[in-house]
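Q: Please take one part of this structure and look at it closely. Begin there, then work outward and tell me how the surroundings fit in.

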Amino acid sequence: MTTLNTDITKEIELLRLVTVGSVDDGKSTLIGRLLVDTKGAFEDQLLAVRKKRGAEHVASAAEIDLAMLTDGLAAEREQGITIDVAYRYFATPKRKFIMADCPGHEQYTRNMVTGASTANAAIILIDARNGVMPQTKRHTHILALLGIPHLIVAVNKMDLVDHDQATFEAIRDEMNDYCAKQGVRDLICIPMSALAGDMVAVRGDHMDWYEGDTLLETLENLSVLDDVDNQPFRLPVQLVNRPQTAELPDYRGFMGTIASGTVKVGDKVKAIPSGNETTVKEIVTFDGNLQEAFAPQSVTLTLNDEIDLSRGDMLVHPGAEPASAKIVKANVCWIGDEPLAARNKYLLKHTTNTVKAMVDSIDFRRDIHTLSKDEADELAMNEIGQITFKLMKPLYCDPYAQNRITGSFIVIDTFTNNTVGAGMVVEA
Amino acid sequence: MSNQQSKQVSQHKLTQLKALEAESIHIIREVVAEFRNPVMLYSVGKDSSVLLHLARKAFYPAPLPFPLLHVDTGFKFKEMYEFRDSFCKEIGADLIVRRNEAAIAKGMNPKDHGVARCCGALKTQGLLDALEEGEYDAAFGGARRDEERSRAKERVFSMRDEFGQWDPKNQRPELWNIYNGRIHEGESVRVFPISNWTEMDIWLYIREENIPIVPLYFAKERLMVERKHLLIPYYEEMKDQLLEGEEPKMVMSRFRTLGCSPCTGAVRSDATNMDEIVIEAAAARRSERETRIIDHGSNSMEDKKKEGYF
């Protein structure tokens, strides 16, 4: 069992994780195993969902009805299905994990997209007996589209195929081929038995032929910050801070979360869209001014000249500007009840900027089983396609493949106000 | 494609607490940018204390751009009232206190009317009335997803209809760090900026940032009554509420979570400072909500949330 050392916990990093797969793949058992082995679930929570009454302690994941632990809504427990994302938290001495546990069923793709959009890594569950299923491919395609840096394939229930190396390798090779077609940068396949615990937190004795790390070791060693640090500096302005108090009558601070890159005091910066240039005077925080700030810090900048800059605008380094586009091509995962169709009007919210948009064309709909690009008149809920939007005002954006923050937007239905689409900029 | 990890090492890294802090500040600022009249619910507990600290950081050097709202049941610990008043004064916060006076006048209490009815009247109805009176379109709360299984399912921006109710089966998808703050007339949102914090994170952050908290969180010899599995603090006024066989006695104890005095249990503890609390939290085998009577009973939190409770 992993214990928390209080001196170390101060320094640990955050890893956002998403798990996909159906209950039948042993997802609940795997999550339960991770929670129990890392102390991510408390005893009273576990006792409340144990299968046998009367036990004082919960010794193993097998004793727990884990779906009862993770299915937090009455409707889910009634129907025995997972409807919505559940967030789970666990930590090791090296890392804290935020795990979005997503429903596997096709009709809940929208909730899977919710859980996956911020993830640094995904665990895709496969039942070793069944191999790569159509659902596995659908999940993997969406995860690849969302640009999740690390995909981990957990080939589970190896105990039910006699821990057979060839079975594992066939699944691994098929997943490698499928992912290679989609530009997945890092794919790791791990054979395991979540029920027995083999290769989850400990190696076990049954799969000595596998030389890679256990799942938990893998999660602890993945690189967290992908490439945001090396991307050009982007600060979408959230708010302008003007206290107008006696002490600070003329103070103007530009508040925002750094989307990518680094900014230093004295840096030359350019305001988009005004084009005005000035230099950074101070990087203000409650804990004192900083010399340098980086993504994803939330900061306040003051500037040496009064320039035109407000919410929805962006501060960047001159010479490294984003596209400023009124026509944007994007991959869209549609999550609205009403289908998307050409000429429909929506609002796009991109960073801190909300603009009116019209669907200019549906370039294609992606068949997520064959990956073919099909002609289409509309995108229905849970469908994915490439859409060209015409905008009333420009978006200041980068391709999603380079920047997940300045390359993403949500589509809002102006009548219901609901979020109906997830957009990822291809070209602007 | 291979099993190796190919990333170059990034120069800049945030600790997980600083990453959580940045995320929370982003959320708080986004609400202020997009809503007409936000308010921050302030319960005086440790989570509220962290939330308030984050809000102060978000707008520094400006003062808080929204008021704090304490929905008081009249049953809070006296140390909580003292702390609330002195701390809000010290930081110059605009504190609004609201109570369901009609129910309080009728003598609503958990012993005679049951915990569910009492909470429904003093907390849920008190909150809904206060939100309606203030015409707030967004209310920040310090709920965390690790607290309870229905909270594990809640969005950061949680939509409420004109009756303040939550529809868990029909939540808005929440993508990246882009929050959709568009609502219809009469609707509102509850916003949970510390959704992704765990109890451990809260304690580590309070320690790291030296955030003042109610002294009840630190262990001390206190007069207690043992009721079922709970340690309940004893006050003189409770004399005629004692059940058969109950005898107040001094116990070295503290609170992991603070609610109303009749319904919040303490734990036996020797943790008198933040380091010891952190060590105790790390070793805890039971969740903090175990000491809250309100959570016991099937679906109770989800049902209460549907009605408008936090």
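A: **A salt-bridge network and its surroundings**

A network of salt bridges links A:Asp287, B:Lys18, B:Glu21, B:Lys57 and B:Glu209. The model is a predicted one. Members of the network come from chain A and chain B, with A:Asp287 on one side and residues such as B:Lys18 on the other.

Take one pair from it. B:Glu209 and B:Lys18 meet through their side chains in a salt bridge, with 3.4 Å from N to O. B:Glu209 belongs to helix 7 of chain B and B:Lys18 to helix 1 of chain B, so this pair ties together parts that are 191 residues apart in sequence. How buried or exposed are the two partners? B:Glu209 has 15% relative accessibility and counts as buried. B:Lys18 has 23% and counts as partly exposed. The line between the two classes is drawn at 20% relative accessible area, so B:Glu209 is on the buried side of it at 15%.

**Helix 7 and what follows**

Helix 7 of chain B spans residues 199–209. B:Glu209 lies in this helix, and so does B:Glu199. B:Glu199 has a salt bridge too. Its partner is B:Arg256, and the closest N and O atoms are 2.8 Å apart. B:Arg256 sits in the loop between strand 9 (249–254) and strand 10 (267–268) of chain B, and the pair links parts of the chain 57 residues apart. Both partners are buried: B:Arg256 has a relative accessible area of 8%, and B:Glu199 has 3%.

Beyond helix 7 the chain enters a loop that runs to strand 7 (220–227) of chain B, and B:Asn210 lies in that loop. The phi angle of B:Asn210 is near 55°, a positive value in a residue other than glycine. B:Asn210 is exposed, with a relative accessible area of 65%. By contrast, B:Glu209 counts as buried.

**Helix 6: a parallel case**

Which other pair links distant parts of chain B? B:Arg98 and B:Glu133 meet in a salt bridge of 2.9 Å, N to O. B:Arg98 is in strand 3 (residues 95–98) of chain B and B:Glu133 in helix 6 of chain B, 35 residues apart. B:Arg98 is partly exposed, at a relative accessible area of 33%. Helix 6 covers residues 115–134, and B:Glu135 is found in the loop between it and strand 4 (138–140) of chain B. B:Glu135 has a phi near 50°, again positive in a residue other than glycine. B:Glu135 is exposed, with a relative accessible area of 54%. In the whole structure, a search over all chains finds 37 salt bridges.

**Helix 1 and the nonpolar core**

Back to helix 1 of chain B, which holds B:Lys18. What does this helix give to the nonpolar side of the model? The largest nonpolar core has 145 residues, and A:Val18, A:Leu143, A:Leu215 and A:Leu219 have the most contacts inside it. Helix 1 (residues 16–34) of chain B supplies the largest share of this core, 8 residues. Leaving aside residues up to four places away in sequence, A:Leu219 touches A:Leu15, A:Leu17, A:Arg95, A:Phe97, A:Ile123 and A:Ile152. Another core lies apart from it, with 23 residues, including A:Val328, A:Val359, A:Leu379 and A:Phe409.

**Chain A as a whole**

Chain A, which brings A:Asp287 to the network, has 9 helices and 24 strands. Of its 428 residues, 60% count as buried. Its accessible surface is about 16200 Å², and carbon and sulfur atoms account for 46% of that. Among contacts in chain A between residues at least 6 apart in sequence, 69% join residues at least 24 apart.

**Two cis peptides**

One cis peptide bond joins A:Ile272 and A:Pro273, with omega about 15°. A:Pro273 is in the loop between strand 11 (268–272) and strand 12 (277–284) of chain A. In chain B, a cis peptide bond joins B:Tyr60 and B:Pro61, with omega about 5°. B:Pro61 is in the loop between helix 2 (46–59) and strand 2 (68–71) of chain B.

**Helix 8 of chain B**

Helix 8 of chain B runs over residues 274–283, and B:Met274, B:Ile277, B:Val278, B:Ala281 and B:Ala282 are buried in it. These residues cover an arc of only 135° around the axis, which puts them on the same side of the helix. The spacing fits a general rule: an α-helix has 3.6 residues a turn, so residues three or four places apart point the same way. At the start of this helix, a side-chain oxygen of B:Asn273 comes within 3.1 Å of the backbone nitrogen of B:Asp275.

How values were computed
Residues numbered from 1 in each chain as written. Chains lettered and ligands numbered in written order. Predicted model: local features only at pLDDT ≥ 70, side-chain atom pairs only at ≥ 80, totals over all residues. Heavy atoms only, no water. Buried < 20%, exposed > 50% of the residue type's maximum accessible area, 1.4 Å probe, protein only. Helix = DSSP H or I, 4+ residues; strand = E, 2+ residues; numbered from the N terminus. Arc of directions from axis to C-beta. Polar contact = N/O pair within 3.5 Å; in protein donor to acceptor, adjacent residues only side chain to side chain. Contact = heavy atoms within 4.5 Å. Areas by Shrake-Rupley, 256 points an atom, 1.4 Å probe, with all protein chains shown as cover. Core = buried A, V, L, I, M, F, W, Y, C linked by side-chain atoms within 4.5 Å. Salt bridge = Lys/Arg side-chain N within 4 Å of Asp/Glu carboxyl O.
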